[in-house]
Amino acid sequence: MKTNWINEAIFYHIYPLGFFGCEMENKGGDNASHDILKIIDYIPHLKKLGITALYIGPIFQSATHGYDTTDYTLVDSRLGTNEDFTLVAKNLHEADIKIVLDGVFNHVGRRFWAFEEVRKHREGSPYCEWFSGLRFDMNNSYNDGFHYDSWEGYELLVKLNMQNPDVRNHLLKAVEEWIDAWDIDGIRLDAADCIDLQFFRELKETTTKKKPDFWLMGEITKGEYTRWLQPDLLDSVTNYALFNGICNSLNSKNLCDIGFNVNREFNREWGLYKDKLLYNFVDNHDVNRVASLIKDEKDLFNVYSILYTLPGVPSIYYGSEWGIKGNKKDGGDIALRPAVDVDNIPIENQDLVDHIGELAKIRSNSNPLKYGDYEQVMIECLHWAFARNCEDGTAVVFVNTDDEPYHFSVNYKGKQYDVDVDPRSTVVV
């Protein structure tokens with residue numbers, strides 16, 4: 001069987017400004033650091049978890065939370081330098097860990113150099129056409145004396161004009177520099193549903209010429225994904241539908257919920273995305289931690305068992321392997337993005353850490369789990385069996401969410417399966 005790194009991938013997601021406990025205001029040299037180098041010391045933990053790909057949230061120079069970029073060519077000084085990240089990338093690749101960076105291309109921060117030129121020279125700036133909805137007969141909440149489009153009305157984030165070839169070329173050149181400098185393997189595209197598709201076509205062409213197996217994954221939070229999942233556009237998207245389905249079904253004790261959703265997405269005959277590899281997760285930097293979402297922490301083991309055995313690419317959000325909690329109502333996004341002391345890695349919930357590491361081994365040794373299609377074998381509120389089939393064989397997954405042991409007795413493709421599953425456990429045969 002021909003292998004593909006993304007089918008083989010198990011992701012770990014870091015939001016670096018939170019991970020390293022950076023101040024939320026970039027003060028230039030006053031709060032510069034080299035903390036991003038600590039990722040090197042974190043590699044043994046990643047390897048213990050079976051991680052093969054690291055998605056690192058925004059690392060480029062910004063004024064606050066990282067998604068208000070001010071320079072696409074410089075690593076944020078609160079994290080380190082370009083030279084620091086060169087060393088990080090070298091060590092990650094030597095450890096056989098792929099690198100995916102955050103591409104924040106829909107908008108920039110108000111301190112972005114071209115926007116500052118507009119603020120300074122107004123109509124006389126050569127960069128007026130770089131920004132969407134720029135009008136000098138209106139004002140904004142910052143009293144600039146002009147209006148501009150922003151991300152969801154959040155005026156800190158200034159929307160770029162993707163119809164302008166100079167803007168597209170500026171961004172594409174930056175991506176080429178990232179590949180040349182750090183040999184990155186992919187990009188997660190922030191706010192992908194807000195970006196002109198023509199940019200994605202040009203991005204796909206540019207990155208494929210650089211690296212034929214370069215991976216483009218878009219952040220899509222709702223609706224169907226087929227618009228973006230095209231050969232000349234994106235390879236993958238964030239699977240928010242699955243995220244919602246896993247948590248809801250376990251909390252409601254109704255696996256029929258997640259079963260319906262997975263059939264809709266991946267059924268081997270008529271699933272919407274049956275031939276696509278979506279990015280699967282159970283929490284991230286924008287949503288409540290799964291340990292806060294799930295009503296009973298004993299269900300966390302099945303949460304990750306389901307995540308690792310369904311079609312798609314599984315991803316762990318940093319710290320959730322220890323079952324740490326985080327709820328937006330307790331402090332907004334900051335509550336979801338805590339600092340981690342790399343020199344003193346937590347030992348809490350070691351059973352969950354070990355479980356996730358074992359799931360990585362199971363997945364890594366199973367071509368059906370990495371490459372197989374999906375077929376539902378049986379489902380009821382507390383019990384679920386599904387099959388993953390590929391040319392190398394079949395894996396059947398048995399999920400028991402009950403407080404009692406359960407005996408599965410099913411016939412699939414002429415083979416009888418009699419499997420005993422412990423309470424709130426999953427077995428792969």
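1. In this predicted model, helix α5 is followed by R122, a residue whose phi is positive, near 50 degrees. The helix itself covers residues 113-121, and its buried residues are A114, F115 and V118. Viewed down the axis of α5, these buried residues fall within an arc of 100 degrees, so they line one face of the helix. An α-helix has 3.6 residues a turn, so residues three or four places apart point the same way. The cover over the buried residues of α5 includes two strands, β6 (107-109) and β8 (154-159).

2. Strands β6 and β8 also belong to an open sheet of 3 strands, with the order β6-β8-β7 and antiparallel pairing. Its edge strands are β6 and β7 (150-151), each of which pairs on one side only. Between β7 and β8, which run antiparallel, there are 2 bridges. Here W151 stands opposite Y154 of β8.

3. A further open sheet has 8 strands, in the order β11-β10-β9-β5-β2-β1-β13-β12, and its pairing is parallel. At its edges are β11 (236-237) and β12 (279-281), each pairing on one side only. Strand β2 (residues 53-56) is joined to strand β5 (residues 98-103) by 4 bridges, and the two run parallel. K98 in β5 is the bridge partner of A53. Helix α6 (residues 165-182) packs on this sheet, where it touches β5 and β9 (186-189). The direction of α6 makes about 155 degrees with that of β5.

4. On aromatic contacts, a search of the whole structure finds 37 aromatic pairs. The rings of F243 and F281 have centres 5.3 Å apart and planes at 20 degrees; planes under 30 degrees apart count as stacked, so this pair is stacked. Because F243 lies in helix α8 (residues 240-252) and F281 in strand β12, the pair ties together parts that are 38 residues apart in sequence. Both F243 and F281 are buried.

5. The rings of W384 and F386 offer a second case: their centres are 4.7 Å apart and their planes stand at 50 degrees, so the pair is tilted. W384 and F386 are both buried. Elsewhere, ring pairs link a cluster whose members include F60, Y72, F85, F105, F112 and W113. Also among the residues of this cluster are Y127, W130, W178, W182, F199 and F200.

6. On cysteines, the count of disulfides comes to 0, under a rule that asks for a pair of cysteine sulfur atoms within 2.5 Å. C22 has a relative accessible area of 14% and is therefore buried. C194, with a relative accessible area of 32%, is partly exposed. The boundary that matters for both assignments is that buried means under 20% relative accessible area.

7. Finally, A335 is placed in the loop between β13 (313-317) and α12 (350-364). Is this residue buried or partly exposed? A335 counts as partly exposed, because its relative accessibility is 22%. Leaving aside residues up to four places away in sequence, A335 touches K325, G326, N327 and D330. The C-alpha atoms of A335 and R289 are separated by 9.2 Å, while the two residues are 46 residues apart along the chain.

Note on methods: Residues numbered from 1 in each chain as written. Predicted model: local features only at pLDDT ≥ 70, side-chain atom pairs only at ≥ 80, totals over all residues. Heavy atoms only, no water. Buried < 20%, exposed > 50% of the residue type's maximum accessible area, 1.4 Å probe, protein only. Arc of directions from axis to C-beta. Contact = heavy atoms within 4.5 Å. Pairing = 2+ DSSP bridges. Axes fitted to C-alpha atoms, helices over the stretch in contact; angles between N-to-C directions. Phe/Tyr/Trp six-rings, centres within 6.5 Å; stacked < 30°, edge-to-face > 60°.
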